Every structure is written in C-alpha cells, then in structure tokens.
Amino acid sequence: MKPFRLEFLVLIIAVTKTICGKDCSEADKECEFHLELDHHLTMMNNKDLVFPYSGRIYKYDVTNTSNAVPIDINGVITADGWEQPRLVALFNGMFPGPPIIVYRGQIVIVHVKNKLKSEAATIHWHGLHQRGTPWMDGVPFVTQCPILPGQTFTYKFIAEPKGTFWYHSHMGSQLTMGAFGAFIIHEKGETNTSKEHIMTIQDWNHDWDAAMDYMKMAYGMFEQRKKIAPSRSIDGAFFSMFRAQSGLINGRGRYYNPITGLHNEAPLNTFEVVQGQAYRFRVIGAGALYPFRISIDEHNLTIIASDGFDLESVVVESFIINPGERFDFILYADKPVSNYWIRGKTLEVDKNHTTEAILRYKGAPANEPNTSRRSCTQNDPCIVVNCPFSYFPAQDYSNCKTLDQLRTKDDTDPAPEIEPGKFKEFFLNFAFPGTTFTPASVNGRAFEQPTVSTLTQSQELYSSCDRLDCGEEKICKCTHSVSIDYGDTVQMVLLNMGIGKGWSHPIHLHGHTFYVLKMGYGQYNVTTAKIIGDNLDINCGGNPDRSQSFCNKATWANENWQGGNVPGLELMRPLRKDTIIVPTGGYVVIRLKADNPGLWNFHCHIDLHNVDGMQMLVNESFYHVPKPPLGFPMCWDYPSDNHSKMGGNTADGGYCSATSYLTAIGILAGILSLEFLIIVGMCLYNWRTKSTKDSRNISGEHQNPAFN
C-alpha cells in the first residue's frame, strides 16, 4: 500500500499545481493549467448558510457567537457578506479565480471546462497580444465559437509580454458574476524584485445576475413605482444603471447600509508586510462599471507600471483605476507596526460605495485598523493619477495627473513613425447618439454580434455597415470594423462627444498595446469641476449645433492637424496602454504599428456598454493571419445560406434515379479520358501556387512556435 499512497500523493500534488494555478518554474518550457467554470453560491459553507459577525462568519443557527467556533472563511465565498446567497460563476470555485503565474516566452496551455448548466462561455486573456495565435484571443463569434455547456476548449499561446494581466469570461456580462482571475507574466532572470501582492477590485451587486444587470441598465430601475435616477461623477458625468451595493477587494468586502451608514461586519482580505521592506502591488480593475480611487492610509504609493508596461515612477497619494486597467505600485513599509486601511472608493457623489482591505504589518495584532485617510490641504495637496476629468472641486485640494503626463521607463521605445503611403487615421466616437433609439455605439454603429467565428469563417460574414441607415447623423446596427494593412502606422482619435456624450468610457483594444500620445479634456468650471462643454479641437460635423450632433464623422477642427501633424504629441517616451479612459467631452490620441495580423475586438470595458453595442473590430492584415489549428471549431446559423454556398453538407441532398445515374456515368466516362491529364495538371499547379502563397503570406514572424 505504501507505493500506491506515494503515487497518489504525487498525483494530488500535480493536479493541485495545474488546477490551482501555482507558479510555473522559470525552467519550464510549457506551463499547463486546468480551469473549470461553474456556478456557486455566496455565503454557503457546503449546504449550511452562514452569517457575518465581527469580521468572522458563523453557521446560520448560532445564537451566541462568543461561545461558537467561527467557520474558516477560506472555504466560503463571502463577497460583501449579504446573507441571502447570490449566484456566482467562478473558475475552480475561487473568487477571484486562481492566479496564473508564468514567465515570458513560455508556452501556456489552459484546459477550460464549461460546467455551467445553461450558459456558454469563452476566456479572454486581457492584455496578451496573441501574436501568431489570434484565434486564442477568446472573443465569442469573433475569434472562436462559444464553449457550450459541458464542452472543453484548450487555449494554447505564448506568454507575451511581461507584466500584470488577467483572464476573464468574454461572454455577455458573465464577468460581473466573478468569472475572472489574475494572469502574471514575469521576465526570466529578474533580480532585485520586491515581494508581491495581487489585488483585484470591483463593484458588486448582491441581488442580480449578469442578465439582470444588463436589462436594468437598458430599461431602467424602479422601486416602489418610482424610477431611480443614475448616479453622477465628480465632473457631473453620468454612470449607467449598474446598481452597485458595495465594492470587493479580492472577492471580499462589506455592505454599508445607505441609511444608517453602518456595515455588516463581513470579513475582509488582509495583506501582510514586514516593516522595512518594499512590496509590489499588482492592482487589476475587474469591475463592471465604476472607477475606484485607491489609497492606503498614511502611506504614499509609487506607481511603476500600467497595463503591463513599466513607467517612470511617480509618487502619489492615490490613483484611479477603471474596469480593464491595471496599475502596479511599490509600497514601502516604513510606518510603525500596526494595521492600516486600504481603501477603494468610487467617483460617485452622494454615494458611499466603498471597499476596504487591511494592510497588516507583521507583529501587529489581528485587529481592524483605526487609521484615517490622509487629509489633503491647500499647502499639501494630494496627487491623483488617472483622473477622467481635469479638476477635482477646489475644496478637495487634489491635483489630477493625467495619463499623457506619464512617461514610459524605456527611452528606446518611441511611438511608430509615419511613413508616406502607410499612415491611417481614424476618428471613433464612443457614445450614445440618437433621439428615440440610443444604443451604445461607435460612430453611430451599434455592434451586431456575428453568428459565425468571424476570424476563421470570414467568408460567411454578411452584416455590412455600408447601408443607407448607417452614416452621418444616423444610428444603425451592424458588425462594424475598420481595416488596416501590414506595416501601417495607425493613429486613432478616440472621442466621446456630441449628443451621445455624458458617460466616460474605458476603451480596450485586443491584440495590441498602443502608445498614448495626447489626451484632450472637455471644458470645466475650475471651481466646481463640473463639465461645461466639449473640447473644441474636434469638429463633430453633422448638426451645426455640436451638442445635438451624432459626431459620427468627426475630424480635426484645424485642417493643418491632418496627417498626424497634431501639436503636443508625446512621441519619444509615450505611455503604453491597452485600456484607457476616454473622458466625456474629450478625446485621446493613440498610435500603433500594424504588425500583429488578426481580428481584434475594440470596445468599452464597461460590460453593460459592450453588450449594448459599444464595440467594433480591427481587421488587421487579414491575408497574413496564420491558419488555426487543425479541427478548430466552426459554428453558424441553421439553416445557413452562406454555409451552403461554401459547400456545407445537407442531410437531404436531393434524389437521383438509377437511370439518370447510369446516363451521367456514361457521359462522364466518354469525356474523362480527354480531361484527366488536364485536371491533374491544374491540381498540381494550384497546389504549388497555394504553397508558395502561404509561405509568402504566413511568414515565420507571425507563427507561434506552440503550433509549429
């Protein structure tokens, strides 16, 4: 029995490593993981309901907590401690899902099992470029068919680039149910690295699932026969109707009663540090809608990276993180041994949507902190990075440091230069234009989801935006895309203007990390910080009254700015990002090099806006896209005219009589002898031509060695 027990123990260790996402060794060539997506319930310990008290949880029938043994919180999904269980969709039963930690250049293999009973799913590897493996990007009906209930799909790609990333479901609003986890890529041979903590932050609704979240946003929220108005940001911008009742850090938080202001004493996460040491915090914005301002009592934060790319460090009191973004900061544990609050607060006014965690110095008692947030004063104002506006109200004594004021740490990575004949510029308005019909859209085009895997079944896509109901001062639904060619320098002006503005949008591009060249903000009242008008660098076109223009065909107001000649661009050391906030009334100028063939999703990372239509596709160098793996899944409508035209088989393919069959054979026999050599010759010629074309179009630099 001893050998059997030893082998069983080894098996258990191996399974634990791959399923739970333990670190992959730097020497490994391949790193293999298993993820199972399944439904679970919050505040349940197996089949027992639990309740929170004094930072602990107890079985539902406990009446005297002082004499009862608390339940281990590591086995319970507590979320914000709301006692009525809430349905969640989790990877491996963990909230957030298990972290995947690998090294740059390693082949990552992730076997995903969809155990949801009624929902399909895919996983997007947020921030990874998927160079050579665009069909592993994880967008349903864009790069792959959805993984149906009970199915398994294996993702295989190269870990590139290094930095802080994450994985999450890209199916509808499934992300809001907890289907995400951290994905960290280290550089091989790293030295003098700080100890690390991973921190995810999100808004949370403990009543609704993903479908209800979206429907309430689209159709409105009502209570006691009264319609609830949306909350507003500091600058007066709106937030959509996602009813956040709390915030969570690493899946835990507390519900604050909006009337009494008291919380429910739910357990929180603790981050331990040793006095005198430095720690790298990798922060991931995993929320559905709201930006959070993050700070740690009595500590400054040294921001060192964003979206995986190192930047010239900047010391701040706090930073703002939007859904989809990541920020890395260094915390120097140079304060007295004690407990300190880590705080995350939304930018809403007149709302207490906050979340907390505990920074505990080793040796401090296991108590909750009694610290206070730093006081910002006129003589010592707080520096805040990544504001979606230009100003805080004057009495806040907080100064905004915008992203385009940050500089990359690497001084050898300038923005791509403009080459004659190889430059394209696009103006893309992410907004809600329209009058009676106002879906989320890009340039007035609400995204219509394809019914095929577009990247691998492009010949079957037929939803065109070149229609009479699309265009200037119009709103339509179609599968919106722009095309760029290999080697192009592409400049995109992301704007948020006209009649559809009023909500700021974190915009995420798949397949690339772009260069942030300039940000133009709206016009504000410098005292109240409220927005009072659009930035006038942009000409919206359409309706002469720009407040009523759909802004579907925008351009530069100054014609001399065309062709990339925009003043104030940072070209030498621009920040690199894959997700950036486009402020209401303003714009962002980004640039990239078209060197990664694929079909890349480009969308607002507010899930509710994305599902409503605020997304599009970047069709990049399509003839250079490498072929998918053999047997890659296909999908389509049934019946499908396009599939039939492409040679799809049918069960009732027609009836042929014996007489007509023999007649046809006789005719064919008479001519086959004359055509045989011609047919063989043509086949050989086509085969050789195709081989030459494939070797030319699919060069080695676009191939992933995982599939060679």
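**Note on a predicted model: strands, loops and a helix**

1. Six bridges join strand β10 (residues 163-169) to strand β11 (residues 180-186), and the two run antiparallel. Strands pair here if DSSP finds at least two bridges between them. Helices (H or I, at least four residues) and strands (E, at least two) are DSSP runs, numbered from the N terminus. Within this pair, G163 faces I185 of β11 across the bridge ladder.

2. A word on the basis. This is a predicted model, in which local features need pLDDT of at least 70, side-chain atom pairs count only at pLDDT 80 or more, and totals for chains, interfaces and linings use all residues. Residues are numbered from 1 along each chain as its sequence is written, and side-chain values use heavy atoms, with hydrogens and water left out.

3. Where do β10 and β11 sit? They belong to an open sheet of four strands, ordered β6-β11-β10-β8, with mixed pairing. The edges are β6 (97-103) and β8 (123-126); each has a single partner strand, so one side of each has no neighbour in the sheet. On average, neighbouring strands of this sheet are turned by 20° against each other, direction ignored. Such angles are taken between axes, lines fitted to C-alpha atoms (for helices over the stretch in contact), and run from 0 to 180 degrees between N-to-C directions.

4. The overall count: the protein has five helices and 43 strands. Of its 708 residues, 54% are buried. Buried means under 20% relative accessible area, exposed over 50%, and partly exposed in between (1.4 Å probe, protein chains only). The accessible surface comes to about 31700 Å², and 53% of this belongs to carbon and sulfur atoms. Areas follow the Shrake-Rupley method with a 1.4 Å probe; for residues, only the protein chains shown count as cover.

5. Contacts in the protein (heavy atoms within 4.5 Å) can be sorted by separation. Among those between residues at least 6 apart in sequence, 76% join residues at least 24 apart.

6. Next, β24 (354-361). Which of its faces are covered? Both: T354, E356, I358 and R360 are buried on one side, and T355, A357, L359 and Y361 on the other. That is eight of its eight residues. β24 pairs with strand β16 (residues 270-273) in the parallel sense over four bridges; T270 there stands opposite I358. With strand β23 (residues 339-346), β24 pairs in the antiparallel sense over seven bridges. In that pairing, T354 is the bridge partner of K345.

7. After β24 comes a loop to β25 (382-385), and T371 lies in it. Is T371 buried or exposed? It is buried, because its relative accessible area is 11%. Its side chain reaches the backbone nitrogen of W341 at 3.3 Å. That is a polar contact: a pair of N or O atoms within 3.5 Å, where within protein one must be able to donate a hydrogen and the other to accept it, and residues adjacent in sequence count only if both atoms are side-chain atoms. Leaving aside residues up to four places away in sequence, T371 touches D297, E298, N339, Y340, W341 and R343.

8. At the far end of that loop, β25 has two parallel pairings to inspect. With strand β21 (residues 318-321) there are two bridges, and S318 stands opposite V384. With strand β26 (residues 398-401) there are four bridges, and V385 stands opposite K401.

9. Helix α2 (residues 210-219) has the buried residues A210, D213 and M217. These residues lie on the same side of α2, because they cover an arc of only 60° around the axis. The arc is that of the directions from the helix axis to the C-beta atoms. The buried residues pack against α3 (607-612). D209 caps the N-terminal end, with a side-chain oxygen 3.3 Å from the backbone nitrogen of A211. Just after α2, G220 takes a positive phi of about 100°.

10. Two cis peptide bonds deserve a look. One joins E160 and P161, with omega about -5°; P161 lies in the loop between β9 (152-158) and β10. Another joins Y638 and P639, with omega about -10°; P639 is in the loop between β43 (615-620) and α4 (641-645).

11. Finally, positive phi outside glycine. Q130 has phi near 55° and sits in the loop between β8 and β9. Q130 counts as buried, at 3% relative accessibility. D307 also has phi near 55°, in the loop between β19 (301-306) and β20 (309-316). D307 is buried too, at 0%.
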